[in-house]
Amino acid sequence: MKFIVKYTKLTHQFFYLQNMSLWRPWCHKEYNDAWSKITGSLSRKEEKVIREFKDIISKPGKFNEIFDYIYNKEIFPLEKHVQEIFTITEKNFEKIWENIENDLPKAKKNLEFLIAEYSEQIETAMKKLSIFYNSQKEIPLSTKIYLILFPKSIKSGGGKFGTYNNVVLEGNLKRFSQPITIEVLLHEMVHLYFEDYLKTKIYPKFEKEIDYHPLKETIVATLLPHGYLSKEIFNVALNQTAKNYLIIQIAEDYIKSHKSIDDEFIKLCLEFIKK
């Protein structure tokens with residue numbers, strides 16, 4: 001598989017706005033705190049439009065619609081009010097952009113080198129994931145990776161999967177040269193390419209017991225990062241006192257036996273979640 005690493009100013013500003021709005025539990029307050037040290041306090045007008053942005057992207061389908069414009073078409077959304085929000089917050093965001101702009105080419109180069117260095121491990125992981133998730137989906141020849149660079153003071157990172165075969169990876173300059181970023185990439189690729197069977201064939205049997213999102217995240221967390229495939233492919237030492245260590249061991253048995261995810265595995269995950 002070919003990976004195309006990209007970054008744009010617009011994708012960075014979108015990431016900044018949606019995280020500043022704290023519209024979902026996975027938004028990070030620590031990112032906002034680090035950015036605020038660079039930008040200073042927001043004006044009342046900026047605070048107001050960020051609240052408005054939260055309301056907009058919280059509407060069903062709206063986040064994905066704006067995401068599509070910015071990440072796939074790489075243009076401003078057509079909606080006038082959204083464009084105004086970007087314009088009003090641009091001056092403050094510019095300070096963050098100036099903080100990271102010179103490091104972006106190096107971050108891109110680091111990530112491209114890391115992907116090349118771990119190409120065999122990525123291929124091995126993809127094969128194992130395909131069997132484990134009983135995936136019949138044809139994997140595209142290329143995946144776009146949109147890089148979101150953080151100021152050096154932000155030590156953590158993460159990722160998200162998008163539409164149209166793209167993944168968003170987040171971190172500071174150092175993180176884009178560390179193997180954990182490859183694990184996060186594979187984690188997001190699970191969501192992007194491998195979960196159709198889980199969602200359409202297995203989950204409907206359990207939908208009265210649990211929402212889909214926590215279930216799928218519990219399952220992929222048994223694999224990587226910090227899961228069985230982390231140990232097998234990336235030689236990561238696992239924390240045997242971790243709450244999900246028992247399920248990690250079960251995932252190991254499934255993968256070693258070339259077994260696909262089934263009802264029994266889901267029942268074990270439900271036991272863990274309900275504890």
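How are α3 and α4 oriented relative to each other? They're roughly perpendicular, because angles of 65 to 115 degrees count that way, and this pair crosses at roughly 105°. Keep in mind that this is a predicted model.

**View 1. Helices α3 and α4 cross paths.** Here you're looking at α3, residues 44–57, and α4, residues 62–73. Their axes come within 7 Å. At the meeting place, α3 brings Phe53, Ile56 and Ile57, while α4 brings Lys62, Phe63 and Ile66.

**View 2. Helix α8 is wrapped up by the rest of the structure.** This helix runs over residues 180–194. With 15 residues at 1.5 Å each, α8 should span 21 Å, and its end C-alpha atoms sit 20 Å apart, which agrees. Count its buried residues and you get 15 of the 15, so α8 is largely enclosed.

**View 3. Thr181 tucks into its surroundings in α8.** Thr181 has just 4% relative accessibility, so it counts as buried. A polar atom of its side chain lies 2.6 Å from the backbone oxygen of Arg175. Setting aside neighbours within four places in sequence, Thr181 also touches other residues, including Leu111, Leu114, Leu169 and Phe176.

**View 4. Tyr133 sits in the largest nonpolar core.** That core has 92 residues, and Tyr133, Ile219 and Phe265 have the most contacts inside it. Its largest share, ten residues, comes from α8. Leaving out neighbours within four places in sequence, the contacts of Tyr133 include Val190, Phe194, Tyr197, Ile219, Leu223 and Ile261.

Definitions and conventions
Residues numbered from 1 in each chain as written. Predicted model: local features only at pLDDT ≥ 70, side-chain atom pairs only at ≥ 80, totals over all residues. Heavy atoms only, no water. Helix = DSSP H or I, 4+ residues; strand = E, 2+ residues; numbered from the N terminus. Expected span 1.5 Å × (residues − 1). Buried < 20%, exposed > 50% of the residue type's maximum accessible area, 1.4 Å probe, protein only. Core = buried A, V, L, I, M, F, W, Y, C linked by side-chain atoms within 4.5 Å. Contact = heavy atoms within 4.5 Å. Polar contact = N/O pair within 3.5 Å; in protein donor to acceptor, adjacent residues only side chain to side chain. Axes fitted to C-alpha atoms, helices over the stretch in contact; angles between N-to-C directions.
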